[in-house]
Amino acid sequence: MLEKKEVSKECFIRQVYDFADRSEYDFGEVKLVIAGKTCKLNMAVMSSPAANFRWAYLYTSQNQDVFFDSQVRFFNMIGGMYREIVYDNMRNVVSKFIGRNEKELNPRLIEFANYYGFSINVTNCFSGNEKGHVEGSVRIIRKDAFAEKYELESFDKAEEYLNSKLMELNKDSKINEEKKHLLHLRPTYELSKVSLAKVDKYSLIQVDKNKYSLPDYMVGKTVLVRTYAREIKIYVNDKLLAVHKRKDGANEYSIDITH
């Protein structure tokens, strides 16, 4: 006769954290209708379990530029730093797995954490409960912000709307009290990718697969380009010449009529 083996069940223990001890990070997806077109956007979500505070930013991707940009925006908004940030095993965090349990962290994330002075905590695989506050925050923000209103005029309007809903959502949080305990915030970490570009005969430069306008007197000259997650800054002789919103597609143009 076969004996039935007792299988032990996993036990979940609710954690309590002090102010400024811990922040959690995650991505979520939301489907919206922007200017009449259905699209899938990404929400970069950061939360504080101690203050019961949650915040999010909309992006068109989950790439590394977005990953770091969203965190810098959050740090600057709250004006301080947490001692620890918790991530899951996304590619922006873990470069590769070594065996069953060891992980090699993304070198750029290590540099980023060293600069801001926080510890990196990576959850076990398939263990969303280990960052349960932000997992719940993704669902809460998606439901409270976009369950009823999902049609917006533009991406900018979607960002404005999300921001207003987040202000309502966090009105009872303890973030103002937590801010008094946050660690000192260092100057903004430089996230740009630097390159040189030559201005073509149409007074355009190409960055990645898209083109951006410059004044016509720049034709034939070389400019320095700083590429960020959300914008392109163009310099000549160390002076800022133009700023464009970054295009995410291919063969798109950003034209400033004043050029």
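# A guided tour, from rings to strands to hollows

Begin by selecting Arg186 and Tyr115: Arg186 lies over the face of the Tyr115 ring, at 4.1 Å from the ring centre. Before going further, keep in mind that what you have open is a predicted model.

**The aromatic rings**

Keep Tyr115 on screen and add Tyr25, Phe27, Phe67, Phe68, Phe75, Tyr87, Phe112, Tyr116, Phe118 and Tyr189, because ring pairs link these residues, together with Tyr115, into a cluster. In the whole structure, a search finds 18 aromatic pairs, and two pairs are worth a visit here.

For one of them, select Tyr25 and Tyr87, whose ring centres are 5.9 Å apart and whose planes meet at 50°, so the pair counts as tilted. If you colour the chain by position, you can see that this pair links distant parts of the chain, with Tyr25 in strand β1 (residues 22-34) and Tyr87 in strand β4 (residues 84-87), 62 residues apart. Are these two tyrosines buried or exposed? Tyr25 has a relative accessibility of 0% and therefore counts as buried, and Tyr87 is likewise buried, with a relative accessible area of 0%.

Now move to Tyr116 and Tyr189, where the ring centres lie 6.3 Å apart and the planes are at 45°, so this pair is tilted as well. Tyr116 belongs to helix α2 (residues 107-116), while Tyr189 sits in the loop between α5 (175-179) and β9 (193-198), so the pair ties together parts that are 73 residues apart in sequence. Both Tyr116 and Tyr189 are buried.

**Strand β12 and its neighbours**

Next, select strand β12 (residues 222-227) and show its side chains, which alternate along the strand. Val223, Val225 and Thr227 point to one face and are buried, whereas Thr222, Leu224 and Arg226 point to the other face and are not buried.

With β12 still selected, add β9, which pairs with β12 in the antiparallel sense over six bridges. To find your place in this pairing, look for Ser195, which stands opposite Val225 in β12. Then add β13, which also pairs with β12 in the antiparallel sense, this time over four bridges. Here Arg226 is the residue to follow, since you will find Lys233 of β13 opposite Arg226. How many residues join β12 to β13 in their hairpin? The hairpin runs through three residues.

**A three-stranded sheet**

Turn now to strand β10 (residues 204-207) and strand β11 (residues 210-213), which pair in the antiparallel sense over four bridges. Two partnerships help you to read this pairing: Leu204 has Ser213 of β11 as its bridge partner, and Ile205 has Tyr212 of β11. β10 and β11 form a hairpin with two residues between them, and in the turn you can pick out Asp208, which has a positive phi of about 55°.

If you add β15, you complete an open sheet of three strands in the order β10-β11-β15, with mixed pairing. The edge strands are β10 and β15 (253-254), each of which pairs on one side only.

**The largest pocket**

Switch to a surface view and look for the largest pocket, which holds about 1,100 Å³ of space. To centre your view, select Phe155, Ala229, Arg230, Arg246 and Asp248, the closest to the pocket centre of the 38 residues that line it. The elements that give two or more residues to this lining are β2 (37-48), β3 (53-59), α1, α4 (155-169) and β13 (231-236), and α1 gives the most, with six residues. If you colour the lining by class, you should find 13 nonpolar, seven polar and 18 charged residues.

**The cavity**

For the last stop, go back to the inside of the model, where a search of the whole structure finds one cavity of 30 Å³ or more. About 40 Å³ of space lies in this largest cavity. Select Gln64, Asp65, Phe68, Asp69, Arg108, Leu191, Thr227, Tyr228 and Ala229 to display its lining. Which element gives the largest share of that lining? Helix α1 (residues 64-78) does, with four residues. By class, the cavity lining has four nonpolar, two polar and three charged residues.

Some residues here may be familiar: Phe68 of this lining is also part of the aromatic cluster, Thr227 was among the buried side chains of β12, and Ala229 was one of the residues closest to the centre of the largest pocket.

Notes
Residues are numbered from 1 along each chain as its sequence is written. This is a predicted model: local features need pLDDT of at least 70, side-chain atom pairs count only at pLDDT 80 or more; totals for chains, interfaces and linings use all residues. Side-chain values use heavy atoms; hydrogens and water are left out. On a 1 Å grid over the protein atoms alone, a cavity is a set of points where a 1.4 Å probe fits but cannot get out, and a pocket is an open set with protein on both sides within 12 Å along at least five of seven lines; lining residues have an atom within 4 Å of a point. Grid points are joined across faces, edges and corners, and a volume is the space filled by probe spheres set on the points. Ala, Val, Leu, Ile, Met, Phe, Trp, Tyr, Cys and Pro count as nonpolar, Asp, Glu, Lys and Arg as charged, and the others, Gly among them, as polar. Two strands pair if DSSP finds at least two bridges between them. Rings of Phe, Tyr and Trp (its six-membered ring) pair if their centres lie within 6.5 Å; planes under 30 degrees apart count as stacked, over 60 as edge-to-face and the rest as tilted. Buried means under 20% relative accessible area, exposed over 50%, partly exposed in between (1.4 Å probe, protein chains only). A charge sits over a ring if NZ of Lys or CZ of Arg is within 6 Å of the ring centre and within 35 degrees of the ring normal.
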